[in-house]
Amino acid sequence: MSTPTSKRLADIRNDLERGVFLSVYNSRPQRIRRLIARIILAIKHGLRGTLFSWPLYLLPLAAWSLKAAYLPVILLLLLPGVYISGVILIRGVREDYNHYVEGFLLQPGFPGRLLFPGNFVT
Amino acid sequence: MFEPRPKEPAYAFVPAADAPAVNRYGKSIETVPQGHELRGQSLNINGDSSISDNPNRYKQHGFYFNADNCIACHACEAACSEKNDLPAHIAFRSVGYVEGGSYPAYQRMNISMACNHCDDPVCLKGCPTLAYTKYAEYGAVLQDPDICFGCGYCTWVCPYNAPQLDTAAGHVSKCNMCVDRLEAGLKPACVSACLAGALDFGIIETTPDNRDQLETQIPGFPTPQITHPNIRFQQTRSLPREMKRTDSMPLRYERDGQQQGDAYKPRVDESGAGRSWNLNKLSTREDPLVIFTLISQAVIGAFITLFTGPLLGFKTLSMSAHPIATPLLLFGLIGVQTLALVLSTMHLGRPHRFYRAFNNLRYSPVSREVAGIAVFYNFLGAYTLLSGLPMLFEWLPVWLTGGLIQLCGWGAVLSGITALYFMHSIYRIKARPFWNHWQVLTSFYGSMLALGPLVTVLAYIAAQALQGQPWASATNGFAWVIFSGLAVEAIGLVYHARDLQRNGAEGMASHYEQCTKFGMTYLFRNTGIAVSMALLALIGLMNPGGATGLFLWVAAAVAISVTGLIGRALFYALVIPTTMPGGFFWRNKGFEEHARETGLAGMPQVGVLPGCH
């Protein structure tokens, strides 16, 4: 199985090795992979959050189908939940990004590591 | 591998000693048998895959504390903090003390305590994320802060205050037995730093050099029966019959008999304080849980009322009787339950790891409660969607929609009731005697029976009044259901108070605080329950309508809500754990409160985080 990540930038002490690493790290394919990683992480955390909080998203549906006068009440209940869900989503994506993407050279197979990190524990 | 210093003295190494086959609790000292698959594996400390050749690697090790020798120099704390790079507000090992006698026969006994790497680690079973592991290597109980999401449940269940919740970092961490040093044959850092020869370490049930006793208890140490801790004590110095704590907990330790070897038992240290309100001290770190538990119980109760009401003859609660109000109430319940879930999630140190709460369904009541509430929430959502927005499902056969509605409704009822049972089992903790009583169950189900129908009846009155319809005739049944919920709670409270006084120890100390420090608040809450019951009985018997009826219902609703809120806040504020004694400044809740009030907590060296409870 191919190694999904490389040595981490922060662990490299040798200047020459660091320079070579950075030249690859800043290359176009690596930047595209990091962008894909961001999208994958956002989808993963978004789906996981939705799995647990989907009834919350029924509220706009109810607002739409019931009388418009009730809209403010429903939005009052909906908005804090959506806001916190967003905060949790962003924190989750950021943590995984820092843990699995930032400072690594992403090799082919990196989506698997991002989606199922438990399978890649050494 | 950890590198021993050159010329490390012999006493810095763990001695080889012959240990018995089993410890005093009947558990094998050899952690795994010869040839077991767990043998010969690396601990991978800091990525190092080497394997120690320590011949005693698979034997249960433990600390040894000689209370006669400890001078409370705190060198063990300092060594531990330095070794583990701990911030000032966290200590894996801490020194507390109890004192007794009077001048010139004053005596003080110091206790240095860290994790005891128990045979039956309650932290491991309680952790919902599976962050704890009891290793075959040295029998060490290790915790992974990277897995932990900072719920702090392990800090509730541990009787020794070993797991440390770092509210700044958002996770728990604890003593790791210095397994890296053990791999090199060295004793843990705290033991190596001990100046007075009070701390020692080795294979459990072996007596270190120059020691005689292998006791499992000393004054101030909680009963070892809860977790079978791997620590042994020596304490030969004669002590006064009564030893007191210096922290703010109203506890002292009293020897049962006249002999020096007799066990010390915790007793309430009555200060003679009168009844106070202390409303500002009702607020704790667990405030979100006050809201979460009450809302969850109210929502489950309200749904059960709405769903089973029409089946029991309350036709006025059916969807056909109120095609707008009933779906609106259901959507409102979803919104409020979401807020409760959000509050409880944000109460975690790392809320974005909430999904790890399901990791330990086998053992952890927290995992089971979260799963129960999640299942209820999903059934509630599905039921609301199917019954509240039927126009979305007109393409489905009517029998299928009806069947799905019934399935989701009954699923929500059963999962809600089960979730509340699991919610109660979270608090049945031996290390917290104030909670470890069946009253928690009556309180939670009582709140469900009281708050749920209350929400429903208020919505019903509002819906009927808006339509200009009479509402009084159908509400007296609700009044008796709510009355029964409050009665269940009241009966539980009476037995709880009685049993706390009978059982003594930390539970009685909590009850003492309930009657003194929070005496007026406690009285107010109990009076509130009685007043609520009287109002409901009046409504149930007289069935008043119009302005009088409305006034009585609003008064009952206010009384029930306020008493419910105060009662639940008291539930969290009053608990006194069976924890180790603290010092005057350290591990002292009273000093922490003082430091926060005076601004001392702003100085990091004080070791108290500002703005935390």
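**Exercise 1. Pairing of β11 and β12**

Task: In this predicted model, determine which residue of β12(B) is the bridge partner of Leu251(B), and place the two strands in their sheet.

Solution.
1. Leu251(B) has Val268(B) as its bridge partner in β12(B).
2. Leu251(B) belongs to strand β11, residues 251-255 of chain B. This strand is joined to β12(B) by 5 bridges, and the two run antiparallel.
3. Both strands belong to an open sheet of 5 strands in chain B, with the order β3-β2-β10-β11-β12 and antiparallel pairing.
4. The edges of the sheet are β3 (107-113) and β12 (264-268) of chain B; each has a single partner strand, so one side of each lacks a neighbour in the sheet.
5. On average, and ignoring direction, neighbouring strands of this sheet are turned by 30° against each other.

**Exercise 2. The setting of α12**

Task: Establish which strands helix α12 of chain B lies across, and why α12(B) can be described as largely enclosed.

Solution.
1. Helix α12, residues 505-515 of chain B, lies across β11 and β12 of chain B. Relative to β12(B), α12(B) runs at about 10°.
2. A residue counts as buried when its relative accessible area is under 20%.
3. The buried residues of α12(B) include Ala505(B), Gly507(B), His511(B) and Tyr512(B); Glu506(B) and Glu513(B) are also among them.
4. Because 9 of the 11 residues of α12(B) are buried, the rest of the structure largely encloses this helix.
5. The cover over these buried residues includes β11, β12, α11 (476-503) and α13 (519-542) of chain B.

**Exercise 3. A nonpolar surface patch**

Task: Identify the helix that gives the most to the nonpolar patch, and classify Leu279(B) by its exposure.

Solution.
1. The patch on the surface is formed by Trp277(B), Leu279(B), Phe524(B), Leu550(B), Val554(B), Val558(B) and Val562(B). Together they have about 590 Å² of accessible area.
2. With 4 residues, helix α14 (residues 546-573) of chain B gives the most.
3. Leu279(B) is located in the loop between β12 and α6 (287-311) of chain B.
4. The relative accessible area of Leu279(B) is 48%, so this residue is partly exposed.

**Exercise 4. Chain A in outline**

Task: Describe the secondary structure, burial and contacts of chain A.

Solution.
1. Chain A has 5 helices and 0 strands, giving the order α-α-α-α-α from the N terminus on.
2. Of its 122 residues, 34% are buried.
3. Among contacts in chain A between residues at least 6 apart in sequence, 74% join residues at least 24 apart.
4. Chain A exposes about 7400 Å², of which carbon and sulfur atoms supply 67%.

Methods
Residues numbered from 1 in each chain as written. Chains lettered and ligands numbered in written order. Predicted model: local features only at pLDDT ≥ 70, side-chain atom pairs only at ≥ 80, totals over all residues. Heavy atoms only, no water. Pairing = 2+ DSSP bridges. Axes fitted to C-alpha atoms, helices over the stretch in contact; angles between N-to-C directions. Contact = heavy atoms within 4.5 Å. Buried < 20%, exposed > 50% of the residue type's maximum accessible area, 1.4 Å probe, protein only. Patch = residues over 30% accessible without salt bridge, like charges linked within 9 Å, V, L, I, M, F, W, Y side chains within 5 Å. Areas by Shrake-Rupley, 256 points an atom, 1.4 Å probe, with all protein chains shown as cover. Salt bridge = Lys/Arg side-chain N within 4 Å of Asp/Glu carboxyl O.
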